[in-house]
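Here is a short tour for a newcomer. Look through the chain once before reading on.

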Amino acid sequence: DSEVTVAGVGANPTRTGLIDALEGMGAAITRSAVEEVYEPVASYTARSSSLHGLSIGGNLIPRLIDEIPILVVAAVLADGVTEVAGAQELRVKESDRIQALAAELGKLGAQIEQRSDGLRIRGRATLRGTTVHSWGDHRMAMALVVAGLVSTGKTVVEDADCIATSYPGFLAALQELAGEDSVHVEP
């Protein structure tokens, strides 16, 4: 029964693939009217909802390629199977994100099968805290921190300093959303 609103989010349709994928999985997301600043922006409100698996590929991949790590975390918790195909670009990002997601989320208890161009994620996993590594990849680190929030026990994300590459305020914002005692970062 939670709800969060984020203001000033880019609403350029070439970058809203994550929103479209989450809605396709059953996420309850609403968007305010789009305003033109330098680029289209809007406020998005997400409410607690049950997610289900989805096949993700084709034209959607370029619109969410950078958000696939956090989308995979959502898929791990969703009902059913989620498949990501046509995302071979993930192999040549800051890390091999296909391999890294399968390995690190697998340590937490996720069932993820690597494919040459994507992943097959079996949902409804019970995640257990452990030590995971970011592979020096800021998007991996942020996804693993979120996965740690929904895991039982303590999760330590090694090399989380790389988050500053794209979102220096991420841990503080997440701390504010999750509660003071939810997020712990060790030096």
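What covers the buried residues of H1? The model is a predicted one. In it, helix H1 spans residues 17-24, and its buried residues are Gly17, Leu18, Ile19, Ala21 and Leu22. Their cover includes three strands, E2 (28-31), E4 (40-47) and E5 (55-56), and two helices, H2 (60-64) and H3 (68-77).

Helix H3 also has a helical partner. H3 and helix H4 (residues 97-108) pack at an angle of about 35°. Their axes lie 11 Å apart. The crossing of H3 past H4 is right-handed. From H3, the contact takes in Ile68, Pro69, Val72, Val73 and Val76. From H4 come Arg97, Leu101 and Leu105. By class, this contact has seven nonpolar residues, one charged residue and no polar ones.

Next come the backbone angles. Gly26, just after H1, has a positive phi of about 105°. Arg124 and Trp135 are listed below.

| Residue | Phi |
|---|---|
| Arg124 | near 65°, positive in a residue other than glycine |
| Trp135 | near 65°, positive in a residue other than glycine |

Where are these two found? Arg124 sits in the loop between strand E8 (118-122) and strand E9 (131-133). Trp135 belongs to the loop between E9 and helix H5 (138-149).

Their accessibility can be placed against the cut-offs. Arg124 has a relative accessible area of 57%, so Arg124 counts as exposed, because exposed means over 50%. Trp135 has 28% relative accessibility, so Trp135 counts as partly exposed.

Methods: Residues numbered from 1 in each chain as written. Predicted model: local features only at pLDDT ≥ 70, side-chain atom pairs only at ≥ 80, totals over all residues. Heavy atoms only, no water. Helix = DSSP H or I, 4+ residues; strand = E, 2+ residues; numbered from the N terminus. Buried < 20%, exposed > 50% of the residue type's maximum accessible area, 1.4 Å probe, protein only. Contact = heavy atoms within 4.5 Å. Axes fitted to C-alpha atoms, helices over the stretch in contact; angles between N-to-C directions. Left-handed = near helix turned anticlockwise from the far one by under 90°. Nonpolar A, V, L, I, M, F, W, Y, C, P; charged D, E, K, R; others polar.
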